[in-house]
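Let's take a walk through this model together, one region at a time. Have the sequence and the 3D view open, and follow along at your own pace.

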Amino acid sequence: MRREHSDTHFYVAPLEAPPSRRPPITTVGPLGWMRTNLFSNRMNSVTTVVMAGLAVWFLWSFITWSIESAQWAVVYNNLRLITSGMYDRKEIWRMELVTAILVFLTGLGLGIWSQIARRVFIAILLTLIVLLVVPIFGQRIPEPTIYSLVEPQKAPSNFVFIGLEDDEVTVTLDPLTDLDDTGLHYVGYIESRSRAEWSTQSRAATTGELDLSDYNLTGVVRIVDQAGNAVITPDGPVEMAFTSDPQTSTVTFTLPQDGWYIVEVVRDDEANGGRDNNLGYSWLTIDGVELFSSQEEPTQRREEEYGSPPAIEHALFAEEKAYRFDGTRTFGEFISLQISPFFNRIILSVIVGSAIFFNGWLIGSLGKRERTIRRSTLIGWALALPAVVIILRGFDGSRLLPLVSTAQWGGLLLTMLLTVVGITASFPLGVALALGRRSKLPVIKWTCTLFIETIRGVPLITILFMAKLIVPFFWSALSDLDLTIRMMIGVTLFSAAYLAENVRGGLQIVPHGQIEAARALGLNPFLTTTFIVLPQALRAVIPAIVGQFISLFKDTSLVAVVGLFELVGIVDAIVSGQPIYRPYQREAYIFIAIVYFIISFAMSDVSRRLETSGAGSLRKQQ
Amino acid sequence: MGENNHADEPIIICRDVNKWFGNFHVLKDINLEVQPQEVVVIIGPSGSGKSTFIRCINRLEEHQEGQIIVDDIELSHDVRNIAAIRSEIGMVFQQFNLFPHLTVLENITLAPRYVRRQARRNSDELALQLLDRVGIPEQARKYPGQLSGGQQQRVAIARALAMQPKIMLFDEPTSALDPEMIKEVLDVMQELAQSGMTMLVVSHEMGFAREVADRVVLFDEGRIVEIGTPDHFFENPQHERTKLFLSQIL
């Protein structure tokens, strides 16, 4: 706004101003942007090409992997665990209620205060349509089946599993062959329902297009019960021979009673002239045993019910033997086997959620000018956190809301809870500490400084362990406190100390003139701090504060180490506790990485909007 | 131009005021009485203590010796006294010190609403009247950063007036302004003086001092060198220091 006074020059303006011309094509538009930003000089051009190449390579390998061979069943078969942990199944409606409340309030708030552009609206609608359409092409994917490899030169493995009466079990034996003469690539398929999972090469093996002359593995597969008696069906004992014949053999039978069963694999080396170095492999798969929905029923409880597993030589717990198949599949198979089942799981929640959101949004945007609506929205948000905690936790002895102890909370629910509690509690505490550290009273000043520096000098994991182990030792009242709540306190204190330093940085940039002006107007120190200093200081450090909150959100993953099952902890538990998913750790961790990214990105997007909105963008230091 | 009501008690009384910044003796035995409705312009070279002096009057600075009595209240460590005096005194700063995160209207209404506890409607009405008085009624909803320096300073004056003070202090109100904006601010100040406001103005605007001031005070090295009516001061200065100062700036 300050105008420069140029010296007077002798200059005679032409009678007419020259017509304005278009800028050269290379300086504006996409071409101009690329020229200035990507190819401004030789070094930049080289960097651009190299980085673009790397990015394409990385994305290409990731996308091909996730379409062709990733098995996302680990995610959508465990969606409930990932979202809410061990939260009581019967009480899961409370989770849904809470989500509905928060979604509604978000819609309301956005409707009132945010200028949601029409294109955002359209984008959401399009997403909904996609979500509606995709499942039509899909089918439900079965849980992974149990399978094992019958290998030459090794003692055959026997499976042990628990079956329930009337369970229909399918045992499939698939011959495998070695496509590569060097002999280490297994091909084959698990069983017919998952056939599409498998590569074209494996199909070639089963359709006999391969030369299987080297294949020479024979033997028999038997099913016996715990006492060692063969399982008898009306057709005779359940038995299945395997030979060099590349045809699949399958036997389906019904279990006569609950209990342990053994799948015995007996390789017949005699039939091969006593040689045990026959080439060839075979997949043995068992399907239809409910065993592997193990998230529903922990192994321990099953063992209590059915007794210890039978002791046999070379026994493998069916669960423990799981191979990862890295074949290829087509894009169509990807959609129908991997994407659709996922959408199938979430479609109802998404539709209901969107309906609630748009309801809120509509009410908000129509009632934008109504003071009552704005006020009730604010009050609603203020009450949301305690309401959510009360609904989720419930009361001891209540019939409507029976107690679900925080020890059972897990997954995304626990992560979000730790984050939200951490943010809402550490923000005022951090501001108070920052103000305290600048106090003129030495006692307050030194207390705050000591607190901040102590916390900042210690890693978060140490604080969490202290909250878990050491603090209750000093202060017995705390040992009764739930571990989850102790973790909340730990996370809050840690975040507050860092926040205090961020806020202090903001306080220092508020010019002294602002405080003088406020004092000269008769504002007391409290009013000055509240209305003049803090708004300016906090606005100046929004990026730092939001960064702090984002790292708080990510740091909550550390509570997994002290034994809470938040997002990382629960995925850990899934892939280690359910052996069938053990080969799919990659998918599970990638999924939660995406969840973390989406939430962090949303937070930093909010921060960018806060910085540029309203008075924030017009901030001016005089 | 304010009429001198000599019958009244002086509204500001300074007796033997001394102040140190550390070891630096910045104000030395200042004695000054200001009558209600009087306009006093304080001039002097930079570092002479004139800004420090007027900042002592609303206790933005603390004096160590002597007495300052404003509207029968003596400035002391008593917090209530300070609050009472500050609400009697409006102050305008060289750097405007508007609150950049608040709109012009909010800048003006903040103190009336939270210190005087006025209803929002009343304070808004008063603020709009004041903006009208300083000539920028159309800027109420803007933020300070969107205004020119002259407009900002006029908002600062309106903000001080919103507390309905008995005394206005101006600390070099035009020094940070571009030349073409100085006049608009001085015009507002002149109008204020004519309305009978008691004003203490630290300024380098000799034209303003000559036209509007009832008395002119020259500060040098922390003491008052000369006090006089503008005519007397500019046409017939008594002191050598005054003559030297005037010869340098006029």
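Start where the two chains meet: Arg55(B) makes a salt bridge with Glu516(A), and the closest N and O atoms of the pair are 2.3 Å apart. Keep in mind as you look that this is a predicted model. The count of salt bridges between chain A and chain B is one. Polar contacts add to the picture, with five residue pairs found across the interface of chain A and chain B, both partners at pLDDT 80 or more.

Which elements of chain A give two or more residues to the side that touches chain B? They are helix 16 (512-520), helix 17 (525-540) and helix 21 (614-618) of chain A. Helix 16 of chain A supplies the largest share of that side, seven residues. Sorted by class, the side of chain A that touches chain B holds 12 nonpolar, six polar and six charged residues.

Now step back to the interface as a whole. In total, 24 residues of chain A are in contact with 32 residues of chain B. The area buried between chain A and chain B comes to about 2,700 Å², and carbon and sulfur atoms give 60% of this area.

Next, move into chain B and find strand 9, residues 215-220. Six of the six residues of strand 9 of chain B are buried, so the strand is largely enclosed by the rest of the structure. You can check this face by face: Arg215(B), Val217(B) and Phe219(B) lie on one side of strand 9 of chain B, Val216(B), Leu218(B) and Asp220(B) lie on the other, and all of them are buried. Both faces are thus covered, with Arg215(B) and Asp220(B) among the buried residues.

What does strand 9 of chain B pair with? A general point helps here: strands of a sheet pair through backbone hydrogen bonds, in either the parallel or the antiparallel sense. Strand 9 of chain B pairs in the parallel sense with strand 3 (residues 39-43) of chain B, over four bridges. Look there for Val41(B), which stands opposite Val216(B) of strand 9. Strand 9 of chain B also pairs with strand 10 (residues 223-228) of chain B, this time in the antiparallel sense and over five bridges. Here Phe219(B) has Ile224(B), in strand 10 of chain B, as its bridge partner. Strands 9 and 10 of chain B form a hairpin with two residues between the strands, and Glu221(B) takes a positive phi near 50° in this hairpin.

Staying in chain B, look for an open sheet of four strands with the order 2-1-4-5 and antiparallel pairing. Its edge strands are strand 2 (24-34) and strand 5 (73-74) of chain B, each of which pairs on one side only. Within the sheet, strand 1 (residues 12-21) and strand 4 (residues 65-70) of chain B run antiparallel and are joined by five bridges. One place to see this is Ile13(B), whose bridge partner in strand 4 of chain B is Ile69(B).

Strand 2 of chain B is also where you will find Asp29(B). Asp29(B) has a positive phi of about 45° although it is not a glycine, and at 46% relative accessibility Asp29(B) counts as partly exposed. Arg117(B) is another non-glycine residue with a positive phi, of about 60°. Arg117(B) sits in the loop between helix 3 (104-114) and helix 4 (120-133) of chain B, and counts as exposed at 69% relative accessibility.

Let's finish in chain A. Is Arg94(A), a residue of helix 5 (residues 92-113) of chain A, buried or exposed? Arg94(A) has a relative accessible area of 0%, so it is buried. Its side chain reaches the backbone oxygen of Leu392(A) at 3.1 Å, and a polar atom of the same side chain of Arg94(A) lies 3.3 Å from the backbone oxygen of Arg393(A). Beyond residues up to four places away in sequence, Arg94(A) touches several others, including Tyr87(A), Gly394(A), Leu400(A) and Pro402(A).

Glu168(A), in strand 3 (residues 168-176) of chain A, is exposed, with a relative accessible area of 53%. Glu168(A) and Thr254(A) are 86 residues apart in sequence, while their C-alpha atoms are 4.5 Å apart in space.

Definitions and conventions. Residues numbered from 1 in each chain as written. Chains lettered and ligands numbered in written order. Predicted model: local features only at pLDDT ≥ 70, side-chain atom pairs only at ≥ 80, totals over all residues. Heavy atoms only, no water. Contact = heavy atoms within 4.5 Å. Buried area = accessible area lost by both parts, 1.4 Å probe. Salt bridge = Lys/Arg side-chain N within 4 Å of Asp/Glu carboxyl O. Polar contact = N/O pair within 3.5 Å; in protein donor to acceptor, adjacent residues only side chain to side chain. Nonpolar A, V, L, I, M, F, W, Y, C, P; charged D, E, K, R; others polar. Buried < 20%, exposed > 50% of the residue type's maximum accessible area, 1.4 Å probe, protein only. Pairing = 2+ DSSP bridges.
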